[in-house]
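Please look through the sequence and the model below before reading on. The notes that follow take up how two chains meet and how two helices pack.

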Amino acid sequence: MSVNDYHLSLRIALSMGARFGYCYENAYPAFFAFPQLFEPHGQFVEGWIVFEDADQRVVLMEHGWLVSNTGHKVDPTIVLALDSGQPLYYFPGVARSWQETDALENELFPHVRFCGYGEDGMGHPGYRAAYASALHMAQSRLTPAKEFVEVRASTVSADPASGEEPAGVAAIMMVVPRQIQEGCQGHEQYHPGEPGDR
Amino acid sequence: MSKSAYELLLQRAHQVVQAAGMFGEFTTSERFSLRVENEPYMALIIESHPTPDALVGEKRRVLVAHYAVSGGRELPDPELEMTDTGFPIRLRQTAFGVMETPVLWRDATTGHVLVNMRAKRDMAELLRAWAKNIKAQGFIEAASRIVSTGDGGTVALTIQPASDAMTGRTQWGKTEKECLS
């Protein structure tokens, strides 16, 4: 368990004023606020996490986080809810480069839901596979005493008094230029022996 | 043509298994598992089993891993599952939380076999360094100290400390690890 990654994420979370439940709002600006960490080889990742909370619940959550230039995971959201030693599993579905992420300014997140892969993003094979793996992990951790909870991204709550925090971030505008659609891809049907198959 | 990072890692796994004298079991056993202790490094685990679903025509799956122990849990650091030809299937790494990255899988909806080329490319550098380290850290030599027992199991010995090696005292029964084959 990398305590350094956890502490780095926590420092970023505190410096950015991150809030739990707003993973995309936390991660996206952090990606550009710390170019020494993320430019030019960092990645913005949309996928799923599985963890257990203090109420004996196994939580499967749609989630966004970052990967640094040197391959370290930076998650300024989950550190607000979990200790460094708590079981936590990440299942990346769509990873975008710095350039692809830069092109998503003012776009909706999780962006996989807004670039031609269906309302839930499950038309994206990698996103769907990540969900299946996450669900398998969550089910493997269930016991009769534990409750299963699945949290999908949503728009910001229309009822702030409800006290429920959304997993996603509110829409600003919805423009899907061609380069972004391409940025959503990256999974191909396997054809052995073709260029790149090494 | 030079070998890919994945082929290098598979080659290294073969070298370790061969050094342990267990290549036959590695290629035929229903559940092969070899643990090579090599202080001060984390033990190297090599497993193989018949494939449950031939994604690219493979007969078997191979797993190569180190596991860190934290809070009583074994955490992959890292763990790669690949085909018997070295094509990566899934990488698991621990860095505050376990991250599982699928590379090759069968889509549950379409039945097509899909490959995440970006993930495959991104992890190549890590796996190339790992393959290099397995050799440089002496895991092949450590595996050569594994001695078969009469009951079909094997016993893996850690490398003797230099002082003990000088005196010729053996470590039998002191550091043995059961390996399933």
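In which sense do S4(A) and strand S6 of chain B pair? S4(A) and strand S6 (residues 98-102) of chain B pair in the parallel sense over two bridges, where strands pair if DSSP finds at least two bridges between them. This is a predicted model, in which local features need pLDDT of at least 70 and side-chain atom pairs count only at pLDDT 80 or more, while totals for chains, interfaces and linings use all residues. Residues are numbered from 1 along each chain as its sequence is written, and chains are lettered from A and ligands numbered from 1 in the order in which they are written.

**Between the chains**
- Within the paired strands, A:Tyr90 stands opposite B:Met99 in S6(B); strands (E, at least two residues) and helices (H or I, at least four) are DSSP runs, numbered from the N terminus.
- In total, 28 residues of chain A are in contact with 25 residues of chain B, contact meaning that C-beta atoms, placed from the backbone, lie within 7 Å.
- On the side of chain A that touches chain B, helix H1 (3-16), strand S4 (88-96), helix H5 (125-140) and strand S6 (187-189) each supply at least two residues.

**Two helices of chain B**
- Helix H1 (residues 5-19) of chain B packs against helix H3 (residues 117-136) of chain B at an angle of about 25°, with their axes 8 Å apart; axes are lines fitted to C-alpha atoms over the stretch in contact, and angles run from 0 to 180 degrees between N-to-C directions.
- That angle makes H1(B) roughly parallel to H3(B), a term used for angles under 35 degrees.
- Among the residues that make this contact are B:Leu8 and B:Leu9 of H1(B) and B:Leu127 and B:Trp130 of H3(B).

Definitions and conventions:
Parallel < 35°, antiparallel > 145°, perpendicular 65-115°, else oblique. Contact = placed C-beta atoms within 7 Å.
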